[in-house]
Amino acid sequence: MTRLLAELSGPAVASRLTAGSIVVLPTGAIEHHGPHLPLVTDALIAEEVATAAVASAAATGLDVWQLPTLVYTKSDEHHWAPGTMWLGTEALLATLVDLGRSIAATPARTLVFLNGHGGNTALLQVANRELRRRFGLRTFSMAAGVQHAGRGVDGEPDESGLGIHAGYSETSVVLHLRPDLVDLSLAERNVPEHLAAPGRIGFNGAPVSFGWLSDDFGPSGVIGDPTGSTADAGRRFFDDGVASAVESLREIAAFSFTAPAATGSASGSPASGRPASGGPASGRPASGGPAPDGRASGGPAGAGAAGVEPGSADVDESLTGTGKGTGVGMGTDSDSERATASEVRS
Ligand SMILES: [Zn+2]
C-alpha cells in the first residue's frame, strides 16, 4: 500500500486518514554544494530518508503519510552561487502556512517536517508554532540525521567539528544514494579551522551564534572536508538517519501535551507505536478509526469533507501571504487562541 499521500485520491485521503495520522513533509534545498556535489543534495537526502523512514514506521503499525518534498527553501546563505534556487524568509513561511492550512483540511492533525537543510531549521521552528496556533495542528520538525563530522581517524578526514556543508558526511551519503551525481575528483577541503578554537562563537549549538554566508569562508561553497568520503560510510550515515527518524516518528505518535491517564502501562510509552486514545490535541474524533485495510468503517466516501469542521475558520487570516507582523514566533501556547481546523476546502 502506498504511503505517498499524493498517490491517493481526494476521497481516499478523507476516508483513510484519521486524527491519528501523521503527515511527513520532507524539506530539502536546491543549492550550491561545492564543485563535487549536485544542487539537489539536501532535497535528495531529505526525500530518501523520509521515504525509508515512513515505509519502516508504517510497517510497524504507524499511520504515517509522506508528502512530496518541498525542494525550494531558505538557501540565502548560498545566494551568490549560480544554481541556488531559494525562497525568502517571508515567502517560505507563507508557503509553510499555506501547506499547514491544506493539511488541516484533511483528517490528519499531526505534521512533521523532516529537514535536510540546516538553513531551514530556525524557520521551521517558527512555523511549528504558527501552525499550532492557527490550525491546531500538532507540529514537529527534525533533521534528516545524516550529519557526522569527520573525526580524523579510520580514514575519515578531520573536520574539527566544522563539517556542516558539502563535507564528509553529506558527500558520503550522496555517494551511497546517487554515485552518478558525485565527482570526487573535484572535492576540496575547506574547513575554517580558526573557528574551532575554544570560544563561545560557533555554528550549531554554540553559546553565541552568528550570521554567515557560505562565501564568507572562501569561494568553494564547501564548509568541511569531502575528501575521503565513501559510499560505505554514506550507507551507515543514511541508515543511522533512517533509524533515528523512525524512533522519532514513534515518539511523535505517542506524544501528548497533557500527562497520560495513570492507568496501567508506562507513561507515554512510545513502544506502542500508536497514539494514545483521544490522542491529538484537536479533540477531533477519529471517526471510528480505520479498519485494518485502512478504509474508514461505515461513513460514505467524502464524509466530513476532508475533515473541515463547520463554522471553523483561520482566525488569523491577516497574516496570510506575508508571514510577518505580530505574533510570529511569539504566539502563546494557549489552546484558546487556535482555530479548530482550516477554513479552506477545495
Ligand atoms: Zn547540504
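Strand 1 is covered on both faces in this predicted model. Ile-22, Val-24 and Pro-26 are buried on one side. Val-23, Leu-25 and Thr-27 are buried on the other. That makes six buried residues out of six in strand 1. In a regular strand, side chains alternate between the two faces of the sheet.

**The overall plan**

The protein has 346 residues, and 45% of them are buried. Six helices and four strands make up its regular elements. Along the sequence they follow the pattern α-β-α-β-α-β-α-β-α-α. Many contacts join residues that are well separated along the chain. Among contacts with a separation of 6 or more, 77% link residues 24 or more positions apart.

**The sheet**

How are the four strands ordered in the sheet? The order is 2-1-3-4, the sheet is open, and the pairing is parallel. Strand 2 (64-66) and strand 4 (138-143) are the edge strands, and each of them pairs on one side only. On average, neighbouring strands are turned by 25° against each other, direction ignored. Strands of a sheet pair through backbone hydrogen bonds, either parallel or antiparallel.

The table sets out the pairs of strands.

| Strand pair | Sense | Bridges |
|---|---|---|
| Strand 1 (residues 22-27) and strand 2 | parallel | three bridges |
| Strand 1 and strand 3 (residues 110-115) | parallel | six bridges |
| Strand 3 and strand 4 | parallel | six bridges |

Single residues show how the strands line up. Start with strand 1 and strand 2. Ile-22 stands opposite Val-64 in strand 2. Val-24 has Gln-66 of strand 2 as its bridge partner. Between these two strands the chain passes through helix 2 (residues 41-59), and this β-α-β crossover is right-handed.

Now turn to strand 3. Pro-26 has Leu-114 of strand 3 as its bridge partner. Leu-25 stands opposite Phe-113 in strand 3. Phe-113 in turn stands opposite Ser-141 in strand 4. From strand 3 the chain runs through helix 4 (residues 121-135) to strand 4, and this β-α-β crossover is right-handed.

Why is strand 3 largely enclosed by the rest of the structure? Six of its six residues are buried, so the rest of the structure surrounds most of strand 3. Both faces of strand 3 are covered. Thr-110, Val-112 and Leu-114 are buried on one side, and Leu-111, Phe-113 and Asn-115 on the other.

**The core**

Which residues have the most contacts inside the largest nonpolar core? They are Ile-22, Val-23, Val-24, Val-49, Ala-53, Leu-114 and Leu-249, in a core of 70 residues. Helix 6 (residues 231-254) gives the largest share of this core, 10 residues. In soluble globular proteins, nonpolar side chains tend to be buried together.

Val-24 is a good residue to follow here. Beyond four places in sequence, Val-24 touches Ala-50, Val-54, Val-64, Trp-65, Gln-66, Leu-67, Val-112 and Leu-114.

**Two crossing helices**

Two packed helices are described by the angle between their axes and the distance between the axes. The axes of helix 5 (residues 168-177) and helix 6 come within 7 Å and cross at roughly 100°. Angles of 65 to 115 degrees count as roughly perpendicular, and helix 5 and helix 6 are therefore roughly perpendicular to each other. On the helix 5 side, the contact is made by Ser-169, Ser-172, Val-173, Val-174, Leu-175, His-176 and Leu-177. On the helix 6 side, Ala-231, Ala-233, Gly-234, Arg-235, Phe-237 and Phe-238 take part.

Is helix 5 enclosed or open? All 10 of its 10 residues are buried, so helix 5 is largely enclosed by the rest of the structure. Polar names appear among the buried residues of helix 5, including Glu-170 and Thr-171. The buried residues of helix 5 pack against helix 2 and helix 6.

**A loop residue**

Where does Leu-87 lie? Leu-87 sits in the loop between strand 2 and helix 3 (89-104). Leu-87 is partly exposed, because 19 other C-beta atoms lie within 10 Å, while a buried residue needs 20 or more. Beyond four places in sequence, Leu-87 is in contact with Tyr-72, Thr-73, Lys-74, Leu-92 and Thr-95. Leu-87 and Ala-29 are 58 residues apart in sequence, yet 9.8 Å apart in space, C-alpha to C-alpha.

Technical notes. Residues are numbered from 1 along each chain as its sequence is written. This is a predicted model: local features need pLDDT of at least 70, side-chain atom pairs count only at pLDDT 80 or more; totals for chains, interfaces and linings use all residues. A nonpolar core is a set of buried Ala, Val, Leu, Ile, Met, Phe, Trp, Tyr and Cys residues joined through C-beta atoms within 7 Å. A residue is buried if 20 or more other C-beta atoms lie within 10 Å of its own, exposed if 12 or fewer, and partly exposed in between; C-beta atoms are placed from the backbone. Two residues are in contact if their C-beta atoms, placed from the backbone, lie within 7 Å. Two strands pair if DSSP finds at least two bridges between them. Axes are lines fitted to C-alpha atoms, for helices over the stretch in contact, and angles run from 0 to 180 degrees between N-to-C directions. A crossover is right-handed if, with the strands pointing away from the viewer, the path from the first strand over the helix to the second runs clockwise. Angles under 35 degrees count as roughly parallel, over 145 as roughly antiparallel, 65 to 115 as roughly perpendicular and the rest as oblique.
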